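Reader: Could you zoom in on one part of this model for me and then work outwards from there? I'm happy with cut-offs, so please spell them out as you go.

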Amino acid sequence: MTVTRTQVGIVGGGPAGLMLSHLLRRAGIDSVVVEARERSVIESTNRAGILERDSVRMLVDTGVSDRVLTDGHEHRGINLRFDGVNHLVNFQDLIGASTWLYPQTDVFIDLANAHDRDGGDVRFGVQDTDVADVTGQPRITYTDAEGTAHEIRCDILVGADGSRSITRAHVEGHTPYFKEYPFAWFGIMCEAPPSADELIYAHSERGFVLASQRTETVQRMYFQCDPHEKAENWSDDQIWAEMRARIAGQDGFELKEGPIFEKTVLPFRSFVCEPMRHGNLLLAGDAAHTVPPTGAKGLNLALADVRVLAEVLERHFGGEDGALDEYGPRALRRVWKAQHFSYWMTSMLHSVDGATDFDVKRQLGELSMVVGSERGSSYLAEAYTGWPED
Ligand code: PHB
C-alpha cells in the first residue's frame, strides 16, 4: 500500500473538486483529488451549459482558462414562451448583467488541463474509494486500476463526489431535505442551427420545453417527460412532433430541427444536506445539494461553494480558529436561494398530471406578471445571472 500525506484530500474530480484544488494551490495549500470516473468519460458526458457572471469571472481571474471568453457565448437574456408567444427578458437592459453559454464539459476540460499545466495531483479512475476518521485525522483509501491499494492522509477531507456521494454518509446526524417532482427532462443533442438568439423556456399544456444551444451547428434541447420514460422508446420523428406541438403558437415560431445524436432522461429533484460539515469533513457541490436543472444553478452553486470553502480553508491553515464554522452557513444562504429559484422556475413552467384549468390559468397569470413588470423580470434576471458573492 502507498501512503500520501496532504493538507486537503478531495473525493471527487468534477468541477467542484478540481476548482477547489486549483484555488488551494494558488493559496499555497496542497491537495490530492481522487475520482472514480476516467477523465475521458467526464470529458464526453453532456451536462448543463449556463455560467453565471461570477462563475465566468472566477474561471478567467484565477487563470483556469480564457477559453470561456473566446468559445463561450454571451447571453443577454432568456425568452419565456407562453400562450404561444415569446417574451424576451433582457437581463442587460434590466440589471446590466449577462450569462455565458459554456458547457460544464468544457469547464471540466479547462480545469483538468490547468491541473496538468500546474502539476496538480489528480487521480482518475480509482476504485473502492472509502473515507475514515473524519473527526480526527481523515484518510481516503482506494485501489488503482492495477489493483494496488492507496491511502491518503489529510488534515481536511472534502466530499465533492456528486449527488451519489459516499462521503455524505459520514456527516453524522445530518438532515436530508428532499423534494421529488412527478416528471423528468428528456434531453437531446441535435445537428441544427440555433432557433433563436436567446434560450427559450416554454410553457405549454403538453409540458415544458427548453431550447438551449451549444454551437452554430449543434443544439441542446429538453422536454418534460415522465420520470420512468425510456429514451430509446422515442424516435427522432416522435420527439420533433412532440416538441412542435408544445412550441406551436399564434406567432408561428418554429424550432430549427435536425438529426438527433444523443437522447437521455435526466433525473429531477431538489435536495439539501444540512449541515455541510462534520468535524474535518466538508461537503461541496452536488454532494451537499441538488437542484432541478430549470434555473441552470447546479454548476454555479458548486463553484460558489468552493470559492467560500477555499477562503475559509486558507484562513484555517493560516491559524485562524473557527474559520471552518463559517463555511456551511455562508454556502447554505446561497443554496436555499437557488433552491427556491429552481423550484419557482420549475413550478411556473411545468405541467402536472391532474392540473385543473384554474392551475394552468394561474401559471399563465404568473408568467404574465413576470414579463409584464420591470420589477418582476428584474427578480428573474438577478436570480438567473447570479447573486453577488457572500
Ligand atoms: C443546457 O444548455 O444544458 C441548459 C441550459 C439552461 C438550463 C438547463 C440546461 O436551465
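Author: Sure, and one definition comes before anything else: helices and strands here are DSSP runs, numbered from the N terminus, where a helix is H or I over at least four residues and a strand is E over at least two. With that in hand, Pro 275 sits in the loop between β18 (269-274) and β19 (277-278). Keep in mind that this is a predicted model, in which local features need pLDDT of at least 70 and side-chain atom pairs count only at pLDDT 80 or more, while totals for chains, interfaces and linings use all residues. Residues are numbered from 1 along each chain as its sequence is written, and side-chain values use heavy atoms, with hydrogens and water left out.

Back to that loop. The peptide bond joining Glu 274 and Pro 275 is cis, with omega at about -5 degrees. Most peptide bonds are trans, and most residues other than glycine have a negative phi.

On the phi side, two aspartates are worth a look. Asp 83, in the loop between β5 (77-82) and β6 (85-90), has a positive phi near 55 degrees. With a relative accessibility of 52%, Asp 83 counts as exposed, because buried means under 20% relative accessible area, exposed over 50%, and partly exposed in between (1.4 Å probe, protein chains only). Asp 128 has phi near 50 degrees, again a positive value in a residue that isn't glycine. Asp 128 belongs to strand β9 (residues 127-132) and is exposed too, at 61%.

Asp 128 also leads us to Thr 143, since a polar contact of 3.3 Å joins their side chains. A polar contact is a pair of N or O atoms within 3.5 Å; within protein, one must be able to donate a hydrogen and the other to accept it, and residues adjacent in sequence count only if both atoms are side-chain atoms. Thr 143 is in strand β10 (residues 139-143) and counts as buried at 16%. Contact means heavy atoms within 4.5 Å, and beyond four places in sequence Thr 143 is in contact with Val 126, Gln 127, Asp 128, Thr 148 and Ala 149.

Now for the helices. Helix α10 (residues 357-372) packs against helix α11 (residues 374-385) at an angle of about 95 degrees, with their axes 5 Å apart. Axes are lines fitted to C-alpha atoms, for helices over the stretch in contact, and angles run from 0 to 180 degrees between N-to-C directions. So α10 is roughly perpendicular to α11, given that 65 to 115 degrees counts as roughly perpendicular, under 35 as roughly parallel, over 145 as roughly antiparallel and the rest as oblique. On the α10 side the contact is made by Met 369, Val 370, Val 371 and Gly 372, and on the α11 side by Glu 374, Gly 376, Ser 377 and Leu 380.

Pick out Ser 377 of α11: it is buried at 6%, and its side chain reaches the backbone oxygen of Ser 373 at 2.7 Å. Apart from neighbours within four places, Ser 377 is in contact with Val 89, Leu 94, Val 370 and Val 371.

Leu 380 takes us inside. It is listed with Ile 78, Tyr 201 and Tyr 384 as having the most contacts within the largest nonpolar core, which has 96 residues. Such a core is a set of buried Ala, Val, Leu, Ile, Met, Phe, Trp, Tyr and Cys residues joined through side-chain atoms within 4.5 Å. There is also a second, separate core of 21 residues, which includes Ala 184, Phe 186, Ala 192 and Met 221.

Met 221 ties together two more spots. One is Gly 187, in strand β13 (residues 184-191) and buried at 0%; residues it touches include Met 221, Tyr 222 and Lys 263. The C-alpha atoms of Gly 187 and Lys 263 are 5.7 Å apart, although 76 residues separate them along the chain. The other is Lys 256, in the loop between α7 (236-247) and β17 (260-266) and partly exposed at 40%. Lys 256 touches Ala 192, Pro 193, Pro 194, Ser 195, Met 221 and Trp 240, leaving out residues up to four places away.
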